[in-house]
Structures are given as structure tokens and as C-alpha cells.
Amino acid sequence: KSSALLLLRLAFQSLGVVYGDLGTSPLYVFYNTFPGKIEDPEDVVGALSLIIYSLTLIPLLKYVFVVCKANDNGQGGTFALYSLLCRHAKIKTIPNQHRTDEELTTYSRSTFHEQSFAAKTKRWLERHVSRKNALLILVLVGTCMVIGDGILTPAISVLSAAGGIKVDHPGMSNGVVVVVAVVILVGLFSLQHYGTDKVSWLFAPIVLVWFLVIGGIGIYNIWKYDSSVLKAFSPVYIYRYFRRGGKDGWTSLGGIMLSITGTEALFADLSHFPVAAVQLAFTVVVFPCLLLAYSGQAAYLMSNRDHVVDAFYRSIPDSIYWPVFIIATAAAIVASQATITATFSIIKQALALGCFPRVKVVHTSKKFLGQIYVPDINWILMILCIAVTAGFKNQNQIGNAYGTAVVIVMLVTTLLMTLIMILVWRCHWILVLLFTGLSLVVECTYFSAVLFKVDQGGWVPLVIAAAFLLIMYVWHYGTLKRYEFEMHSKVSMAWILGLGPSLGLVRVPGIGLVYTELASGVPHIFSHFITNLPAIHSVVVFVCVKYLPVYTVPEEERFLVKRIGPKNFHMFRCVARYGYKDLHKKDDEFEKKLFDSLF
């Protein structure tokens with residue numbers, strides 16, 4: 001479908017949106033791994049070896065080559081996985097499905113044999129309401145942690161980048177760095193309402209230059225200081241590192257974990273690019289440059305063990321120090337932008353699932369549907385982000401907080417992927433076991449290390465996520481109860497037929513729209529209208545706006561219209577169907593399309 005040139009262009013653009021977060025990790029990984037000082041140069045090799053294998057196992061093998069394939073028509077993120085599952089099993093908690101929904105062109109799903117493992121899993125999931133609720137809570141936990149990421153990424157990236165000023169002026173207090181970081185953050189959040197369209201062409205070149213610069217500095221440092229660090233490619237050093245470090249070595253995994261942060265944003269921001277472009281960018285540019293950057297820092301630390309606090313900035317050759325500082329700050333801003341964008345799109349998907357209070361969603365781009373801005377969320381994120389930056393003066397605690405959020409999202413993705421491999425891809429159970437087993441071994445190892453740091457800042461994302469989870473779950477519970485109430489108190493058809501064609505009222509010219517949650521039957525409120533109003537329009541339409549577990553509903557399939565009662569009653573039902581990516585506006589355009597389909 002796309003030419004090689006187009007693929008290259010998209011791969012280049014994807015660097016700016018998808019990989020900023022992964023790319024800025026070298027700013028703070030080594031400092032968070034060795035917060036004290038380095039005892040033994042062998043430790044550096046061990047840590048480097050861990051970083052190399054973490055980058056290979058999680059972003060490269062798991063995300064770029066497996067998880068990205070589990071997209072819902074190009075949409076990524078926990079909600080996309082959930083809606084994929086909703087199409088393959090009846091696990092939606094609000095039971096407003098209808099067989100007509102399955103006839104949509106975008107409602108793609110696979111069918112399976114009655115006796116297959118997939119069918120058994122499906123029946124097991126559908127049997128109890130508690131299992132459906134557990135799955136929903138799992139998805140919401142993942143979502144809330146991504147929102148936590150949206151707060152912590154800007155805090156840690158911008159603070160680490162601004163820390164470069166202090167390296168050149170050692171006498172400067174920490175307060176100045178924090179003030180600079182806060183000013184940058186306020187600027188970043190204030191510019192959100194312009195949308196990323198105007199600036200996104202700048203992002204990709206910034207990130208590409210950043211990757212090439214850190215890769216180049218890496219090569220220089222390996223050549224200048226110690227090329228023996230390349231032996232870290234042998235996993236033997238991981239074993240030695242743990243044997244020597246004991247419990248301290250284990251807890252330092254919380255720092256190493258930060259080298260793979262941003263893999264989640266990689267999956268959530270997928271909606272902007274084809275999978276092939278994301279894979280190409282990762283294997284050709286991101287992966288090699290990151291390995292070089294970490295190896296270069298390790299080589300520098302072998303010779304200068306006391307410089308671990310600002311390892312990144314100290315390892316830069318003096319002649320190019322300030323240009324690199326500027327590029328680093330720009331890259332940190334781009335990385336923050338990626339997670340903020342991901343947060344907005346996740347809130348929008350939560351709205352469609354009936355899991356979030358109704359907030360205003362603004363579309364910032366005419367060309368791309370996916371680019372949105374949510375004002376209320378933007379300011380909440382900004383306040384929390386500044387609170388985190390100013391509250392934790394040192395990066396180490398923000399690092400611990402960040403690690404906690406990332407590990408939990410990864411665990412959620414693994415569990416959802418297991419279900420997808422069974423129900424959607426219908427993989428052999430050995431493959432499922434291999435994938436889940438390997439992922440859980442690596443992620444639970446990190447999770448156990450992060451647990452030691454809950455008291456040193458790790459509690460922040462847990463508190464933020466708990467607050468959002470409470471809001472989301474309560475809102476969803478209310479939505480469900482309201483739907484059940486409307487279902488139980490429907491008006492009987494016999495009562496309406498008994499009123500006769502005029503409904504016992506004066507029918508005046510015009511069309512009356514009655515909004516309702518119900519996709520079938522006449523809502524309770526209508527009986528209230530009839531008993532209390534003297535007149536009603538000559539044509540009455542019950543409009544139900546309904547979100548389906550698909551990413552989009554084509555315009556021509558949006559409205560489903562049918563008549564209610566005999567012809568002379570002039571009453572109709574209209575179901576307006578939307579996917580979780582579609583924007584629903586009650587404007588003239590919407591009414592015009594509704595009337596067209598009615599006529």
C-alpha cells in the first residue's frame with residue numbers, strides 16, 4: 001500500500017512522536033542506578049549488561065515485534081486491547097450490544113470452534129460478572145498508570161536536562177535548576193492548546209539529531225576511555241553483578257528499569273503511524289544509538305567513578321558542551337510532549353467507554369482525527385507535574401516514582417496480551433505460555449525491585465493512580481446503574497398504542513428529538529412529557545448516542561433508523577453509533593445527517 005519512500009518518511013516522523021521518551025533515558029539512568037557511589041568498576045559493566053538485555057527483551061522483542069501487532073486497526077494502548085477483547089467475547093459491562101453492531105465494516109473479529117481453547121476461555125470470562133469487572137479494573141489500572149507517566153515524564157526529563165547548567169557552574173544551588181525546570185514546564189503546558197500540528201515537524205529532526213549526537217558521543221567515549229566495556233554484551237556479567245551486589249544490586253534494578261521507560265508511550269502513540277514505520281525507526285536508529293550512548297557513559301564511568309551524579313553531562317567533550325545541552329533540553333521537551341499527547345488520547349478513549357466524567361475535548365487538527373487537546377486535564381497535569389518537580393528536589397525520588405508506574409503498566413499489558421493471543425490470534429498454548437512466562441519473569445523481577453522503593457518516592461504514582469481509578473470506577477458504576485434504571489422503567493408499547501395516533505396531545509409541526517441511553521424501547525421520561533405537556537411535535541425521534549468497541553464507525557453507517565409503532569404515529573428511533581476515536585458533536589452538521597437518514 002505504501003512506497004518505500006513514504007515508509008522512510010513516516011519512520012522519520014515517528015521518531016519525534018514515539019521515541020522521545022525512550023531516547024531521553026540516558027540523561028538519568030546511571031545516576032538512579034548508583035545513587036551513592038560506585039564501589040567496583042565491574043559493577044558498571046554489570047549494570048551496562050543489564051541495560052543492554054533489558055532494551056533487547058522488552059522494547060525490541062516484546063513491544064516492537066509482538067505487542068505492536070496487537071493493535072486495533074492501528075490504535076494502540078490498553079483501551080485498544082480492551083476493545084479488541086470486547087469484540088471477541090461479551091465482556092462489556094454495560095450490556096447495550098445489539099446484533100446490528102456486528103454488521104459494521106470496522107467490526108472485524110475472528111470466529112472459533114466450539115471445543116477450541118479460545119472458546120473455553122471465552123466462556124470462562126463470560127460466566128461471571130466479577131470476571132468482567134476484574135478485567136475492567138485491570139484496564140483502568142493500566143490507564144491510570146499511563147496518566148501517572150504523563151505527569152512524571154515531563155518532571156524527570158526536564159529536570160535532568162536543566163541539571164546540565166549546574167555541571168558548568170558547580171557553585172549554583174539546586175533551587176535555580178528547579179526554577180528553570182518549572183518555567184520550561186509551564187511553557188510546555190501552556191502551548192498545548194495550539195495542538196501538535198504546528199510544531200510536530202520540528203520534533204522528528206530534534207530527536208534524530210539527539211540520537212545521532214548521543215550515539216556519536218558514545219563512540220568517542222568508548223574509544224577514548226575504555227573499550228573493554230563492550231564485554232558487557234556477555235550475560236555472564238549480569239550473574240556476577242547480582243552475586244557481588246546482593247540486595248543492593250537487586251534494588252538498583254529500579255534505576256536500570258528507567259532505561260526502558262517510554263516503551264509504553266511507544267504503544268499508546270501507535271495511532272499516528274503504521275507498525276512497519278515504528279519497527280524500522282527502532283531497529284535502524286533508536287536501538288543502536290541507545291546501546292552506544294549507554295556503553296559510552298559506562299566507559300567514562302570506568303575511569304571517573306565519582307562522577308556518577310551527572311554522568312551524562314560530564315562525559316560530553318568540552319568543545320560541544322553547550323550545543324548538546326540545548327539539544328538535550330529540546331529532546332526532553334519533545335519526550336514530555338509525547339506522553340502528554342498519549343494521556344489526552346487515553347482520556348478520550350475512557351470517555352467513550354463511559355469511564356470518565358465528561359470533559360471538553362478539542363480537536364486541534366483538521367487533517368488528523370487523532371490529535372486532540374483536553375483543557376481540564378491539561379491544567380491538572382501541569383499542577384501535579386510542577387508539584388512533583390518542586391516537591392522532590394532530587395531526581396532519584398522522581399526516578400523511583402517513575403519506575404513504579406512503568407512496571408505496573410507493563411504487567412497490565414502482558415496480562416491483556418495473554419488474552420489477546422488466546423482469543424484474537426488463537427495462538428497455540430505453548431506460544432502463549434512462552435510469551436507470558438518470559439514477560440512475567442522479567443517484569444516481576446523489576447516489580448520486586450521497585451517495591452523496595454515505595455517509601456522513597458514510589459508512592460507518588462500509586463496515589464495519583466488511586467485517585468484517578470476511584471474517579472473512573474465510580475463514574476463507570478454510576479453510568480451502569482443509570483442504564484439499568486432506564487432499562488427497567490421503559491414505557492410499555494401497549495400504553496402508547498392506547499393513546500392513539502395523536503398521543504392524546506396536540507401535534508404541532510416540527511421534529512422533536514428526545515435523547516436517551518436506550519437503544520431499544522421508549523424511555524421513562526417520555527411518559528412524563530405526555531402527561532405534563534399540552535402539545536408535542538408532529539414527528540418524534542428518540543436519539544441514542546452509542547459508543548461501540550471499534551476505533552471508528554464509517555459516516556455512511558453511523559445512523560440506524562427504524563419506526564416505532566404504526567405509521568400514523570410518526571415516531572422513530574435513531575441510534576447514532578460512534579467508535580472510541582470518533583468525535584461526537586451535537587451541532588447542525590449532526591442534525592442534518594440525522595434528518596437525511598430519517599428521510
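How many nonpolar, polar and charged residues are there in the lining of the largest pocket? By class, that lining has 24 nonpolar, 11 polar and 11 charged residues. Keep in mind as you look around that this is a predicted model. Below is a quick tour of the pocket, the helix that gives the largest share of its lining, an annotated stretch of the chain, and a few single residues.

**The largest pocket**
- The volume of the largest pocket comes out at about 1200 Å³.
- Want to find its centre? Of the 46 residues in the lining, L351, R358, E517, V545 and Y547 are the closest to that point.
- Several elements each give two or more residues to the lining: the helices α16, α20 and α22 (524–532), plus the strands β3 (506–516) and β4 (535–547).
- Helix α20 gives the largest share, with 8 residues.

**Helix α20**
- Helix α20 runs over residues 459–488, which makes 30 residues.
- From its first C-alpha to its last, α20 reaches 43 Å, close to the 44 Å expected at 1.5 Å a residue.
- A good number of residues in α20 are tucked away: V460, P461, I464, A465, F468, M472, H476, T479, L480 and Y483 are buried.
- What covers those buried residues? The cover includes α7 (129–162), α16 (321–352), α17 (375–391) and α18 (395–423).
- Helix α16 is worth a second look, as it helps cover the buried residues of α20 and also gives two or more residues to the lining of the largest pocket.

**The annotated stretch, 509–586**
- An unreviewed UniProt entry carries the annotation "domain: K+ potassium transporter C-terminal", and that annotation covers residues 509–586.
- Over residues 509–586, the chain is 45% strand and 12% helix.
- The end C-alpha atoms of this stretch sit 22 Å apart.

**Two residues with positive phi**
- N73 is not a glycine, yet its phi is positive, near 50°.
- You'll find N73 in the loop between α4 (41–64) and α5 (78–88).
- Is N73 buried, partly exposed or exposed? With 39% relative accessibility, N73 counts as partly exposed, because that class runs between the 20% and 50% cut-offs.
- H570 is another non-glycine residue with a positive phi, near 55°.
- H570 sits in the loop between β5 (559–564) and β6 (571–578).
- The relative accessible area of H570 is 39%, so H570 is partly exposed.

**Two pairs along the chain**
- R9 is part of helix α1 (residues 4–18), and its relative accessible area of 48% makes R9 partly exposed.
- R9 and A277 are 268 residues apart along the chain, and their C-alpha atoms are separated by 8.4 Å.
- D588 belongs to helix α23 (residues 588–598).
- Why does D588 count as exposed? Its relative accessibility is 64%, and exposed means over 50%.
- D588 and M410 are 178 residues apart along the chain, with 43 Å between their C-alpha atoms.

Note on methods:
Residues numbered from 1 in each chain as written. Predicted model: local features only at pLDDT ≥ 70, side-chain atom pairs only at ≥ 80, totals over all residues. Heavy atoms only, no water. Helix = DSSP H or I, 4+ residues; strand = E, 2+ residues; numbered from the N terminus. Expected span 1.5 Å × (residues − 1). Buried < 20%, exposed > 50% of the residue type's maximum accessible area, 1.4 Å probe, protein only. Contact = heavy atoms within 4.5 Å. UniProt positions renumbered as here; feature names shortened; annotations may be inferred. 1 Å grid on protein atoms, 1.4 Å probe; cavity = no way out; pocket = protein on both sides within 12 Å on 5 of 7 lines; lining within 4 Å. Points joined across faces, edges and corners; volume = space filled by probe spheres on them. Nonpolar A, V, L, I, M, F, W, Y, C, P; charged D, E, K, R; others polar.
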